Amino acid sequence: MLNRRHIRVKVMQSIYAMHQNGSDSLEKEEKFLLYSIDNILDLYLIMLSSLIEISKKEEVYIEKSSQKHLATAEERNPNKKFVNNSIFKLLTENNSLSIALENRKINNWSLNDDYILILLDEIKKSELYENYMSNSTNAFAEDQQFVVDIFMEVIAPNEKLYEYLEDNKLTWVDDIPVVNTQIVKQLKQLKSANDESFKVPKLYKDQEDKEFVSNLFRKTVLNETELAKEYIDKTPNWDTERIAEIDTIILKMAICEFLKFPSIPVKVTINEYLELAKEYSTPKSSIFINGILDNLVKEFEINKKLNKTGRGLM
């Protein structure tokens, strides 16, 4: 689920928090970093299970309405296309998802079902719902597209849901887009109503990515003074006291990758940290950082400080 860029974001945020808190406990901060990354899987399960709970809530509503003493003809014979949606059923019956929800004790929606009711109400007021329910055909492709659309256009952007997630865990704010992208990707990959290929994804692509988290964090934090010396005298037009702190962290992490991660190509490192600067720092930061890193690479090459292994890594 996680790519290297998001791993870099989490490490950058942890180092920034460490600076802000004045903490010098590497073990404690690393433990929190790994904990915050592990919690991304909980966020994924919470977001995906919202689809199941929305369907269940509507099923309960239909059942109660049909049993009313003065139920209307429509309530006695309701349109069940929504609750019979094949994607809802597939997710509800999926073993991988059921086991993960149980193992990680995800019960957020049973404790906060008001948010499910809010989402259900928004869905039923949408044009997507109206068009879907007015079509009498029942096809897997239509069910799939409808669920993808309501997830992207109604559930994911819902402000109340966003506020709930932010209040639950502040570290989730930057994880939400990653999780939502993963869910949409998986929903689109389903081939049929009986598709058993759906699996809760692994948090890390492989063991190397998992180790990259701690290695990048530790090697940057433990060598901050040494890494800072590499760029301090390369900023003649910038007051080092006024350089944004995020920029100094980005520079240290990038230089750390140049010097201490031989398998990561120089161009990859530069591109990744320029994107981080554009998203998380000041408007001019990427220009400043690009200039510093370009000059450092040239200097490192001359001084033979870049020990990159493999083809195409320079």
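Helix α1 passes helix α2 in a right-handed crossing, and this briefing, which rests on a predicted model, starts from that pair before turning to a second pair of helices and to one serine. Two packed helices are described by the angle between their axes and the distance between the axes. For α1 (residues 4-21) and α2 (residues 26-66), the axes come within 10 Å of each other and cross at roughly 140°.

**Helices α1 and α2**

- The crossing angle of roughly 140° makes α1 oblique to α2, because only angles over 145 degrees count as roughly antiparallel.
- On the side of α1, the contact is made by His6, Lys10, Val11, Ser14 and Met18, while α2 contributes Leu26, Glu29, Leu33, Ser36, Ile37 and Ile40.
- Sorted by character, the residues of this contact between α1 and α2 comprise six nonpolar, three polar and two charged ones.

**Helices α15 and α16**

- The axes of helix α15 (residues 266-280) and helix α16 (residues 285-302) come within 9 Å and cross at roughly 160°, and α15 is therefore roughly antiparallel to α16.
- As α15 passes α16, the crossing is right-handed.
- The residues of α15 that make the contact are Val266, Ile270, Leu274, Ala277 and Lys278, and those of α16 are Ser285, Ser286, Ile289, Asn290, Leu293, Asp294 and Val297.
- The residues in the contact of α15 with α16 divide into seven that are nonpolar, three that are polar and two that are charged.

**A closer look at α15**

- With 15 residues at 1.5 Å a residue, α15 should span 21 Å, and the expectation agrees with the model because the C-alpha atoms at the ends of α15 are 21 Å apart.
- The buried residues of α15 are Val266, Thr269, Ile270, Glu272, Tyr273, Leu274, Leu276 and Ala277.
- What covers these buried residues of α15 includes α1, α12 (207-222), α14 (245-260) and α16, and with α16 the helix α15 also makes the contact through residues such as Val266 and Ile270.

**Ser55 in α2**

- Ser55 has its place in helix α2, the helix that α1 passes in a right-handed crossing.
- The relative accessibility of Ser55 is 5%, and Ser55 therefore counts as buried, since the term applies to values under 20%.
- Leaving aside residues up to four places away in sequence, Ser55 touches Phe82, Val83 and Phe88.

Notes
Residues are numbered from 1 along each chain as its sequence is written. This is a predicted model: local features need pLDDT of at least 70, side-chain atom pairs count only at pLDDT 80 or more; totals for chains, interfaces and linings use all residues. Side-chain values use heavy atoms; hydrogens and water are left out. Axes are lines fitted to C-alpha atoms, for helices over the stretch in contact, and angles run from 0 to 180 degrees between N-to-C directions. Helices (H or I, at least four residues) and strands (E, at least two) are DSSP runs, numbered from the N terminus. Angles under 35 degrees count as roughly parallel, over 145 as roughly antiparallel, 65 to 115 as roughly perpendicular and the rest as oblique. A crossing is left-handed if the near helix is turned anticlockwise from the far one by less than a right angle, and right-handed if clockwise. Contact means heavy atoms within 4.5 Å. Ala, Val, Leu, Ile, Met, Phe, Trp, Tyr, Cys and Pro count as nonpolar, Asp, Glu, Lys and Arg as charged, and the others, Gly among them, as polar. The expected span of a helix is 1.5 Å times one less than its number of residues. Buried means under 20% relative accessible area, exposed over 50%, partly exposed in between (1.4 Å probe, protein chains only).
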